[in-house]
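Let's take a walk through this model together. Have the sequence and the 3D view open as you read.

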Amino acid sequence: MLFRSVAALLANESAGKRLGVVKAVVGPDPPRILVATMPALLQPVTSVDHLRRFSRRIERGRELQLDDLLEWLGRHGWQRRDAVELSGEFSLRGGILDVYPLDADDPLRIELFGDEVESIREFSVESQRSLRTIDAVEITAMTEVVGDRKSTRLNSSHLVISYAVFCLK
């Protein structure tokens with residue numbers, strides 16, 4: 001197994017947090033207030049257009065073209081592994097697809113019955129036990145989020161409060 005550098009892991013974690021914020025801001029129930037540090041606001045994030053074009057939605061009870069999805073994952077920066085441990089990895093064993101989205105705290109196990117998504121569950125990397133069942137997930141291309149040249153910043157149409165913490169001795 002190849003080990004990633006600590007810097008690469010931290011970069012992916014930061015990108016994942018930013019991706020989660022962008023998805024929340026453009027989602028169906030966006031936050032009314034976003035609190036962030038000034039350095040966080042200056043970090044580029046993937047554009048909404050790119051987010052929509054380079055994401056795939058998987059829903060329980062819906063059909064999934066597994067071969068197409070596997071090809072898409074590989075083409076968009078996901079790494080195929082025997083077992084997922086880190087964000088950006090996926091694994092396939094029979095009718096079970098494990099994916100670890102960049103913006104997720106835990107990986108997801110997608111169970112298929114033929115071409116139909118039978119269940120989607122978050123699971124623990126360590127124990128492999130299910131944590132909770134979800135109805136749908138949106139997975140985003142790794143290559144368009146990490147190192148995206150068409151990045152943008154959250155714009156002024158969102159109420160943003162910046163704060164600073166000063167430590168006095």
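What follows covers confidence, then the sheet, a helix, a buried serine and the salt bridges.

**How far to trust it**

Keep in mind that this is a predicted model. The protein chain averages a pLDDT of 75, and 67% of the residues score at least 70. Residues 1–11 have a pLDDT below 50, and that stretch makes 7 contacts in the model beyond near neighbours in sequence. The other stretch to note here is residues 144–169, where pLDDT also stays under 50. For residues 144–169 the model has 48 contacts beyond four places in sequence. Where pLDDT is low, the predicted coordinates should not be read in detail.

**The sheet**

In what order do the 6 strands of the open sheet run? The order is 4-5-6-7-8-9, and the pairing is mixed. Strand 4 (79–80) and strand 9 are the edge strands, each of them pairing on one side only.

Strand 8 is a good place to zoom in. Of its 8 residues, 6 are buried, so strand 8 is largely enclosed by the rest of the structure. On one side, strand 7 (residues 108–113) pairs with strand 8 in the antiparallel sense over 6 bridges. If you want to see how the two line up, look for Glu111 opposite Ser119 in strand 8, and for Leu112 opposite Val117 in strand 8. The hairpin of strand 7 and strand 8 has 2 residues between the strands, and Gly114 takes a positive phi there, near 70°.

Strand 8 also runs antiparallel to strand 9, with 4 bridges joining the two. Here Arg121 has Thr133, in strand 9, as its bridge partner. The hairpin that strand 8 and strand 9 form has 6 residues between them, and Gln128 in the turn has a positive phi of about 65°.

**Helix 4**

Which residues of helix 4 are buried? They are Leu66, Leu69, Leu70, Trp72 and Leu73. These residues cover an arc of only 160° around the axis, so they sit on the same side of helix 4. As for what covers the buried residues, the list includes strand 3, strand 5 (89–93), strand 6 (96–99), strand 7 and strand 10. Just after helix 4 comes Gly77, with a positive phi near 90°.

**Ser55, tucked in**

Ser55 is in strand 3 (residues 55–59). Is Ser55 buried or exposed? Ser55 counts as buried because its relative accessibility is 13%, under the 20% cut-off. Leaving out residues up to four places away in sequence, Ser55 touches Trp72, Glu138, Ile139 and Thr140. Trp72 is also one of the buried residues of helix 4. With Thr140, there is a polar contact of 3.1 Å between the side chains.

**Salt bridges**

How many salt bridges does the structure hold? It holds 9, and the table shows three of them, including the N to O distances.

| Pair | N to O distance |
|---|---|
| Arg62 and Glu59 | 3.9 Å |
| Arg60 and Asp135 | 2.7 Å |
| Arg132 and Glu122 | 3.1 Å |

The Arg60 and Asp135 pair links distant parts of the chain, with their positions 75 residues apart. Arg60 is in the loop between strand 3 and helix 4 (66–75), while Asp135 is in the loop between strand 9 (130–134) and strand 10 (136–140). Arg60 is partly exposed, with a relative accessible area of 44%.

The Glu122 and Arg132 salt bridge takes you back to the sheet. Glu122 is in strand 8 (residues 116–123) and Arg132 is in strand 9, 10 residues apart. Within this pair, Glu122 is buried at a relative accessible area of 17%, whereas Arg132 is partly exposed at 48%. Which residues do salt bridges with shared partners join into one network? Arg57, Glu59 and Arg62. Within that network, Glu59 is partly exposed, with a relative accessible area of 28%.

Terms used: Residues numbered from 1 in each chain as written. Predicted model: local features only at pLDDT ≥ 70, side-chain atom pairs only at ≥ 80, totals over all residues. Heavy atoms only, no water. Buried < 20%, exposed > 50% of the residue type's maximum accessible area, 1.4 Å probe, protein only. Polar contact = N/O pair within 3.5 Å; in protein donor to acceptor, adjacent residues only side chain to side chain. Contact = heavy atoms within 4.5 Å. Salt bridge = Lys/Arg side-chain N within 4 Å of Asp/Glu carboxyl O. pLDDT = per-residue confidence, 0-100. Pairing = 2+ DSSP bridges. Arc of directions from axis to C-beta.
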